Amino acid sequence: MKNNPRREFLLNTAKCAGALAVLNTTFATNIFATTAKEAMPVPTVKLNNGVSMPIIGLGTYSINEVSTFLDAINVGYRLIDSAQLYGNEKVVGEAVKQSKVKREEFFITTKLSSNMDFKQTQKSIDDTLKLMNLKYLDLLLIHQPFENRKQMYKAMEEAYKKGKIKAIGVSNFTPDIYSDFVKSCEIIPAVNQCETHIFYQQKKLREVMKDHGTMLQSWSPFVHGKKEFFENKTMLAIAKKYNKTVAQVALRFLTQENIIVIPKAARLKYMKENLNIFDFELSKADMKKIQDLDENKGQFSYSR
Ligand SMILES: NC(=O)c1ccc[n+]([C@@H]2O[C@H](COP(=O)([O-])OP(=O)(O)OC[C@H]3O[C@@H](n4cnc5c(N)ncnc54)[C@H](OP(=O)(O)O)[C@@H]3O)[C@@H](O)[C@H]2O)c1
């Protein structure tokens, strides 16, 4: 049967909701766990190469403390989104080690953040693995569509075949850039990480990527607080109806659209809140109301 990512997400969500329903009164102690052992698993999606990836992870731009990563791991985050640019790869590796959670339970992403030729990219992948003190990465992305993206990707394909990376992908590739890029790929990108939120829903990009099974991953799912995101009237009304916060409704909306999300939160309160989105489902009508908020326009100068 053809792989159906939405079906897998809903099934996984149902499994988690089922587990929570069974736990009933222990729900709060489990989802708001204080030790890694107690944390509830989050639903996963299947990538186009068969690898499972959590549908929600931790955005880490400007997080540089091991203790912050340990907080996130303890409440249940397993997907951690790093990048060479963020300067926190070493710290992420240290947190993975200190957490006592098995390596195979994690989904560690990082990004190649500068324009490099084939040989430089080979070296950069090895340097990153060494810095993170990891034997393999779960996902490696090209951070931007750099000029040398095709030769960079060749080096990533080679590292993938050698088992140094479980999945490879891209970031900030527009529909046109992506469509041209896939023509030269031996291994189709598993993920394209792009600015995606209620005001920029990337409908065209999703349409273009559908045939290749590349999944959209949302960066800045809260628009980094811009555009009075947390005070949006439509979102506040929906949040009230489900007894959830605007942040939770936004993340639920994106994940229901089968988009992987990486909200950044340094505060423990927000880390917990953002994971607590699998015990409700937005109705078709509410999904439509949020779909209608789309302005199809990026909000960041470094976005495309
Ligand atoms: N590929 C790329 O080019 C690219 C570009 C931008 C970002 N990213 C990735 O995407 C991640 C997320 O994007 P982002 O950091 O720009 O913005 P974001 O996730 O949209 O917003 C993060 C901000 O929202 C706050 N917040 C988190 N949870 C909240 C909640 N439940 N209620 C109210 N406020 C909440 C955070 O507070 P505190 O942190 O203070 O707790 C932080 O100030 C980044 O960290 C990075 O990993 C990738």
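1. Gln202 is a good place to begin. This residue lies in the loop between strand 8 and helix 8. Its phi is positive, about 55°, although Gln202 is not a glycine. Gln202 has 23 C-beta neighbours inside 10 Å, so it counts as buried. Bear in mind that this is a predicted model.

2. Lys100 makes a useful companion. Here too phi is positive, about 70°, and the residue is not a glycine. Lys100 sits in the loop between helix 4 (89–99) and strand 5. It counts as exposed because it has 11 C-beta neighbours inside 10 Å. The cut-offs are 20 or more for buried and 12 or fewer for exposed.

3. Next, the sheet. It is open and has 8 strands. Their order is 3-4-5-6-7-8-9-10, and the pairing is parallel. Strand 3 (58–59) and strand 10 are the edge strands, each pairing on one side only.

4. Take strands 4 and 5. Strand 4 covers residues 79–81 and strand 5 covers residues 107–112. They run parallel and are joined by 3 bridges. Ile80 stands opposite Ile108 of strand 5.

5. Strands 6 and 7 come next. Strand 6 (residues 139–142) is joined to strand 7 by 3 bridges, and the two run parallel. Leu141 faces Gly169, a residue of strand 7. Strand 6, helix 6 and strand 7 together make a β-α-β unit, and it is right-handed.

6. The helix in that unit deserves a look. Helix 6 (residues 149–161) has 13 residues. From first C-alpha to last it reaches 18 Å, close to the 18 Å expected at 1.5 Å a residue. Which residues of helix 6 are buried? They are Arg149, Met152, Tyr153, Ala155, Met156, Ala159 and Tyr160. These residues cover an arc of only 155° around the axis, so they lie on the same side of helix 6.

7. Strand 7 (residues 168–171) is covered on both faces. Ile168 and Val170 are on one side, Gly169 and Ser171 on the other, and all are buried. Strand 7 also runs parallel to strand 8, with 2 bridges between them. In that pairing, Val170 stands opposite Asn192 of strand 8. The chain gets from strand 7 to strand 8 through helix 7 (residues 175–182), and this β-α-β crossover is right-handed.

8. Strand 8 (residues 191–195) then pairs with strand 9. The sense is parallel, and there are 5 bridges. Cys194 stands opposite Ser218 in strand 9. Helix 8 (residues 203–210) completes a right-handed β-α-β unit with strands 8 and 9. Gln202, from the opening point, lies in the loop between strand 8 and helix 8.

9. How many residues of strand 9 are buried? The count is 5 of the 5, so strand 9 (residues 215–219) is largely enclosed by the rest of the structure. Met215, Gln217 and Trp219 point one way. Leu216 and Ser218 point the other way. On its strand 10 side, strand 9 has 2 bridges and runs parallel to its partner. Strand 10 covers residues 260–261. The bridge partner of Gln217 there is Ile260.

10. Now the ligand. It is surrounded by 27 residues. The closest are Gly59, Tyr61, Phe222, Ala247 and Lys264. By class, the shell has 12 nonpolar, 11 polar and 4 charged residues. Which helix gives the most to this shell? Helix 11 (residues 268–275) does, with 3 residues.

11. Helix 11 also holds two residues whose spatial partners lie far back in the sequence. Lys272 is found in helix 11. This lysine is 195 residues from Tyr77 in sequence, yet their C-alpha atoms are 9.4 Å apart. Lys272 counts as partly exposed because it has 18 C-beta neighbours inside 10 Å.

12. Leu275 is the other one. It too has its place in helix 11. Its C-alpha is separated by 7.5 Å from that of Ile56, 219 residues away along the chain. Leu275 has 25 other C-beta atoms within 10 Å, so it is buried.

Conventions:
Residues are numbered from 1 along each chain as its sequence is written. This is a predicted model: local features need pLDDT of at least 70, side-chain atom pairs count only at pLDDT 80 or more; totals for chains, interfaces and linings use all residues. A residue is near a molecule or strand if its C-beta atom, placed from the backbone, lies within 6 Å of it. Helices (H or I, at least four residues) and strands (E, at least two) are DSSP runs, numbered from the N terminus. Ala, Val, Leu, Ile, Met, Phe, Trp, Tyr, Cys and Pro count as nonpolar, Asp, Glu, Lys and Arg as charged, and the others, Gly among them, as polar. Two strands pair if DSSP finds at least two bridges between them. A crossover is right-handed if, with the strands pointing away from the viewer, the path from the first strand over the helix to the second runs clockwise. The expected span of a helix is 1.5 Å times one less than its number of residues. The arc is that of the directions from the helix axis to the C-beta atoms.
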